[in-house]
Amino acid sequence: MLKPYADYYGEYSERVQELLTEFPLGESIVGEVAQKAFIALFGAILRLQNILTSFDEFAGNEILSERQNQDYRSVYLNFYAEFRKEGEAEKESINDDIVFEIELIKQVEINVDYILMLVQKWREARGNGSDKELAAATKIQRAVDSSLTLRNKKDLIMDFVDRVSASGEIDEEWRAYVDAKRTAELDAIITDESLKQEETKAFIEHAFRDGVIPTTGTAITRILPPASRFSAAGGHGEKKQRVLARLGEFFERFVGLSAGGQE
């Protein structure tokens with residue numbers, strides 16, 4: 001059963017004040033002890049925010065601004081990237097005393113449609129004064145950095161910002177841009193690894209359709225070039241793992257980049 005709103009909000013307020021005092025934005029958090037303290041504190045705030053959103057009274061009383069929330073989430077995700085081990089879970093324990101609330105981060109994820117809306121605002125501000133334009137561009141970068149799923153696509157998003165036309169349909173331009181980038185990067189992998197072209201493209205299309213890169217079975221084997229399983233150097237197993245790693249990175253880079261809620 002939920003406790004009264006005031007109980008949660010009082011604890012939330014105390015934790016946020018501690019966060020702002022002990023870990024002010026713009027100052028580096030140096031040392032493992034301080035980093036662990038920040039991770040634990042911000043994780044507690046995420047849990048409290050998750051509970052408080054079920055109360056109507058919380059709307060407008062969040063204390064942390066959208067910008068502060070995004071900046072702290074970015075710092076939190078930076079530490080997640082630094083501390084995590086292989087294999088992820090919704091709530092991942094890095095070791096005995098570090099737990100990241102990744103499930104709660106995902107619940108308020110920023111999607112591509114939101115980013116494209118910010119791009120539209122940036123385009124409207126472009127040429128209307130450097131300060132306004134810079135603020136709009138900075139908001140895009142901040143939003144991307146605070147997103148678990150978009151931060152590894154930041155170079156794609158910011159490159160698109162630089163390329164977007166002055167008056168075209170942003171959704172259409174984005175789809176064309178992503179399609180062109182995805183094709184070019186996949187072709188580069190196929191060439192580098194001497195993969196079978198049609199089979200590899202079908203393999204990737206199935207992966208995007210199913211939402212995962214298949215790492216077992218014969219599908220991956222069918223895209224590899226002929227090779228001796230007994231080669232002393234660059235053997236079949238090593239080649240397979242390298243190709244899977246590259247295609248996995250490619251998949252993570254482009255998954256979820258469609259606008260309008262469609263893959």
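Mentor: A nonpolar core is a set of buried Ala, Val, Leu, Ile, Met, Phe, Trp, Tyr and Cys residues joined through side-chain atoms within 4.5 Å, where buried means under 20% relative accessible area, exposed over 50%, and partly exposed in between (1.4 Å probe, protein chains only). Please remember that this is a predicted model: local features need pLDDT of at least 70, side-chain atom pairs count only at pLDDT 80 or more, and totals for chains, interfaces and linings use all residues. Residues are numbered from 1 along each chain as its sequence is written, and side-chain values use heavy atoms, with hydrogens and water left out.

Trainee: Thanks! Which helices each supply at least two residues of the largest nonpolar core?

Mentor: Helices (H or I, at least four residues) and strands (E, at least two) are DSSP runs, numbered from the N terminus. The largest nonpolar core has 43 residues, of which Ile 115, Ile 140, Trp 174 and Leu 247 touch the most other members. The helices that each give this core at least two residues are helix 5, helix 6 (130–145), helix 7, helix 8, helix 9, helix 10 (219–223) and helix 11.

Trainee: And how many residues does the other core hold?

Mentor: Start from Leu 247, with contact taken as heavy atoms within 4.5 Å. Leaving aside neighbours within four places in sequence, Leu 247 is in contact with Leu 186, Ile 189, Phe 203, Ile 204, Ile 213, Ile 220 and Ile 223. Another core lies apart from the largest one; its members include Tyr 12, Leu 41, Phe 55 and Phe 79, and its count of residues is 30.

Trainee: Let's turn to helix 8. What covers the buried residues of helix 8?

Mentor: Helix 8 has 24 residues and spans 34 Å from first C-alpha to last, close to the expected 34 Å (the expected span is 1.5 Å times one less than the number of residues). Its buried residues are Ile 170, Trp 174, Tyr 177, Val 178, Arg 182, Leu 186, Ile 189, Ile 190 and Glu 193. Their cover includes helix 5 (112–125), helix 7 (154–163), helix 9 and helix 11 (236–254).

Trainee: How many residues apart in sequence are the parts that Glu 205 and Arg 182 tie together?

Mentor: Side chains of opposite charge can pair when their charged atoms come close. A salt bridge is a side-chain nitrogen of Lys or Arg within 4 Å of a carboxyl oxygen of Asp or Glu, and Glu 205 makes one with Arg 182, with the closest N and O atoms 3.5 Å apart. Because Glu 205 is in helix 9 (residues 197–210) and Arg 182 is in helix 8 (residues 170–193), the parts tied together are separated in sequence by 23 residues.

Trainee: Is Arg 182 buried or exposed?

Mentor: Glu 205 has a relative accessible area of 43%, so it is partly exposed. Arg 182 also lies over the face of Phe 208, at 4.4 Å from the ring centre (a charge sits over a ring if NZ of Lys or CZ of Arg is within 6 Å of the ring centre and within 35 degrees of the ring normal). With a relative accessibility of 19%, Arg 182 counts as buried.

Trainee: Which helix holds Lys 201, the partner of Asp 187?

Mentor: Asp 187 and Lys 201 meet through their side chains in a salt bridge (3.9 Å, N to O). Asp 187 lies in helix 8, so the pair ties together parts 14 residues apart in sequence, with Lys 201 in helix 9.

Trainee: Why is the pair of Tyr 80 and Phe 100 called edge-to-face?

Mentor: Rings of Phe, Tyr and Trp (its six-membered ring) pair if their centres lie within 6.5 Å, and planes under 30 degrees apart count as stacked, over 60 as edge-to-face and the rest as tilted. This rule gives 22 aromatic pairs. The ring centres of Tyr 80 and Phe 100 are 5.3 Å apart, and their pair is edge-to-face because their planes stand at 70 degrees.

Trainee: Which strand holds Phe 100?

Mentor: Both Tyr 80 and Phe 100 are buried, and they belong to one aromatic cluster with Phe 23, Phe 38, Phe 42, Tyr 72, Tyr 76, Phe 79 and Phe 83. Coming back to the pair, the centres of these two rings are 5.3 Å apart. The pair links distant parts of the chain, 20 residues apart, with Tyr 80 in helix 3 (residues 66–83) and Phe 100 in strand 2 (residues 98–100).
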